[in-house]
Each structure stands twice: as C-alpha cells, then as structure tokens.
Amino acid sequence: MSDYLALLMFPALLAFIIGGFPIAFSMIVVATIFGIMQFGDAAAYQLLTKIEDTASNAILAAVPLFIFMGAVLERSGIAERLFGAIHLWTTKLPGGLGVGAIIMGTLFAASSGVVGATEAVIGMLAVPVMLKHHYSKSLLSGTICASGSLGTAIPPSITVVVLGPVAGVSVGSLFSGLLIPGFLMATMFLIYIIGVAYLKPEMAPQVEETDQVPLGARLRITLVALLPTLALIFVVLGTILMGVATPTEAAACGALGAILLSLAYRNLTLKVLWHAAIRTMNISAMILLIVLGGSMFAGVFFAAGGMATVQSLLLDNGLNPWMVLALILLITFIAGFVLDLISVVLIIIPVAMPIVGMLGFDEIWFCVAFLVVLQTSYLTPPLAPAIFYLRAITPAEVTLKHMYAGVVPFIVAQLLVLALVLTFPGLATWLPDAMSGPSWK
C-alpha cells in the first residue's frame, strides 16, 4: 500500500459515517479492509492484539465507574437537593436562576464527569423554573447548554480518561491542567449572565421570594446538600491530584460514595440501582466499543505509513509550528461537528501527538487546548450535540432559533479561554508542575 493510500482511510471512514453506520463499526470495518489490503492475513493478529490491549487497559476501567457514579447521582435525587440549596443563595442575584444553573453544572461536572448526564439533569431542573419566571428563551438555552458542556472541561471527565492513554500522558496531570481553564470558563459564564441580567433585566427577571427562608434554615439545607457533594468531589478529584489514588481507584471510591450518599439521603432503592446499572452498561458499551474501533483504526493507519505521510505533508510545506498547531485545532473543531467527543479524540490525537512533540510544544498544554476546542465544537451550531440534548428536554415553545442564538455568547467566552490558554501556557501547565504531575497514565 502506498503511504498516500493510507490517507484514504479518513474519507472511507467519513463515507461509512455518512452512510449511517455507527462510528465504532465504521472504524472497525475500515481498519479491517485497509489492514487486509496492506498486511494480508497478518492483519487479523494485529487487530486482535488491539482488542486485548483495550480490554486490559486499567485506566479505561474508570469509565464505567464514573458513569455509574453520575447515573446514581442523577437517579437518586441528590442533584435536585443540590440545586435547591444553590437556588436559596443565588435567587437575589441578577440572573440568579442562570447563575444557579452554572454553579450546579460546575459542581455536577466535578462529581460525575459525564457531559450528557450533566446537561440533562440541569435542564430538567432549571428549564421549568426559568420559563415560569419568564427568562429569555435564548438566555435560558445558552445557559443550560453551557452548564452541561462544562463536563468536558472540568475534571473528572470521561473524555480525559480516554484521552490520557491515547495521548500517552498522565490522566492526573491532565486533570490538574484542566482545573484553572475549566473554572475560568465557568467564571466567564457567570460574569456574562450577571452582566446581561443587570443591563437587560427583562431577559432575566428578578425572582420574587414568596416564602423567606431564615438564615439558619438556609445554612442547614446548604450544609446537608453541599458538604456531602464536596466530599465526594474531594474523594474523586482530590485523591487523584494529590497522587493518593489512580483514576480507576478514585472512580471506584466515587461510585461507592454516590451509593452511600443515596443511602444517607434515603433515596437508594432497587429501582435506582437498576436504572443506574442499565445506563452504565449502555453508555460504557458504546464508549469502549468506540475506543476499540479507534485503537484498530489508529494501529492500521500507523503501520501503513500514514503517520509519516501526514508529518511530511505538514512539516515539509514551510508551515511554521503555530500554523501547524492551528490547523490541527481547526480540524478538531470541524470534526467535533459531526462526531462524538470520544471519536474525535481517537481519530485526531494519535496523529497529532507525535507532531506536537516534534514541534516542541508541551503535551499537557496541547491536550488542554484540544479539550477546550472540543468543548467549543460541542456547543457550536448547526450540529451542536449540546443543543440536541437540550431539544430533547425542553417544551416546543423553546425553538432551535432560540438555542442557536443563546449559545453564541458562551462560545465567545470559550474562545476567549482558548486564546488565554494559547497565549499563557502556564494556565494549563502551572498546576501540574506545582503538583509534580501524578505519574500514572
């Protein structure tokens, strides 16, 4: 097979996806066809080896555990209790309901790591309340989509758990590298909502409190709802960042912690466990099959000489390193329109990481920038997955036009964070360096 013929794997993959084949099976089929063309019967051994590598990857064991933790938090009513506690304190702020939704998104993202679950939970809790108080439908839509998307940029993120082994970098270092950009993004979202509510109060009317909750009761409700959630976040994220636990061990502790929280709140039932288990099985099977397909696809592409061809095309045409980096991020942004987040990671990262290393860029810094771009594409019309999630849980009066208009300011905020990360690499590298970057992959 010609080295340039290996590049045909990408248009072949796109043709299968456009034809309606699931992304995982599309990657497996393309890898099998091109593998047989290049290596004949030996391709079978190479592809079977990828199955064993994926099945024996200890880091990927964290995926179902994080999903189960998020599913239990979603099903057991803990999210509703947390949203109610946050709402007690944000009601009097300009845009208080929107502010509460962003804070809820930040906390839920930091305790579950599942993007779709975060948006679905927040949307089901906040949308009816925001509509009742006559919030602008565009502001409402943008707020829910943005708060749900924080699950990509705030650890622990399922996308990061998959990205780390594929990129060959420490998951712990990626988590710590994401912390500052992720919380900076959430802060910008809050500033925008408060600013809009202050300048245009008709878009976010002040909520009139019919029953004033005494300060003592507020504190009690907040402590009961917030402290256990913060403890769960510390068990999961704190132990990873301090190097006490691997991501898989922390995910197991988080799953157990979610069950204990549900038990403490008297919300743990067989029905809750059953639905959480079924959701975990469905999502885990989908993600891990995509990981397997991506591993097969990347293995054949590398062995067929495609990586060397891509490197020569990018590096031998007079492009300076920053132009090459911009091109990689642009391809990532476009790919995020048509593929799910995990698929983009598995297709782009194996090709991009060797080039990034050759150009002398910091790998953690690049991965953080990559994730910010991925999150931005997740939110960007017309094919924004965040909007499709929202469409499924909102009444018909909230139209796609409202959603498309609502996400634009939040996309601008994300692009501003990307510009800051690219301009000031320390935003992504300082914390991993300061914590000496946990060594496990």
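Which backbone nitrogen does the side chain of Ser170 reach, and at what distance? Select Ser170 and Ser173 in this predicted model. The side chain of Ser170 reaches the backbone nitrogen of Ser173, at 3.1 Å. Ser170 sits in the loop between helix 10 and helix 11. Its relative accessible area is 7%, under the 20% limit, so Ser170 counts as buried.

**Stop 2: helix 10 against helix 11**

Now select residues 158-167 for helix 10 and residues 171-199 for helix 11. The two helices pack with their axes 9 Å apart, at an angle of about 130 degrees. That angle makes helix 10 oblique to helix 11, and the crossing is right-handed.

Show the side chains at the contact. From helix 10, pick Val160, Val161, Leu163, Gly164 and Pro165. In helix 11 they meet Val171, Leu174, Phe175 and Leu178. By class, this contact has 8 nonpolar residues, 1 polar residue and no charged ones.

**Stop 3: helix 11 against helix 18**

Keep helix 11 on display and add helix 18, residues 363-379. Here the axes lie 10 Å apart and the packing angle is about 45 degrees. Helix 11 and helix 18 are therefore oblique to each other, and they cross in a right-handed sense.

On the helix 11 side, select Ser173, Leu174, Gly177, Leu178, Pro181 and Met185. Their partners in helix 18 are Ile364, Cys367, Val368, Leu371, Val372 and Gln375. The residues of this contact divide into 9 nonpolar, 3 polar and no charged.

Leu174 and Leu178 of helix 11 appear in both contacts, with helix 10 and with helix 18. Ser173, whose backbone nitrogen is reached from Ser170, is among the helix 11 residues that meet helix 18.

**Stop 4: two loop residues with positive phi**

Most residues other than glycine have a negative phi. The next two selections have positive values.

Go to His134, in the loop between helix 8 (115-132) and helix 9 (137-153). Phi of His134 is near 65 degrees. Is the residue buried or exposed? His134 counts as exposed, at 62% relative accessibility.

Then select Arg266, in the loop between helix 13 (247-264) and helix 14 (270-303). Phi of Arg266 is near 60 degrees, again a positive value in a residue other than glycine. With a relative accessibility of 78%, Arg266 counts as exposed.

Terms used
Residues numbered from 1 in each chain as written. Predicted model: local features only at pLDDT ≥ 70, side-chain atom pairs only at ≥ 80, totals over all residues. Heavy atoms only, no water. Axes fitted to C-alpha atoms, helices over the stretch in contact; angles between N-to-C directions. Helix = DSSP H or I, 4+ residues; strand = E, 2+ residues; numbered from the N terminus. Parallel < 35°, antiparallel > 145°, perpendicular 65-115°, else oblique. Left-handed = near helix turned anticlockwise from the far one by under 90°. Contact = heavy atoms within 4.5 Å. Nonpolar A, V, L, I, M, F, W, Y, C, P; charged D, E, K, R; others polar. Buried < 20%, exposed > 50% of the residue type's maximum accessible area, 1.4 Å probe, protein only. Polar contact = N/O pair within 3.5 Å; in protein donor to acceptor, adjacent residues only side chain to side chain.
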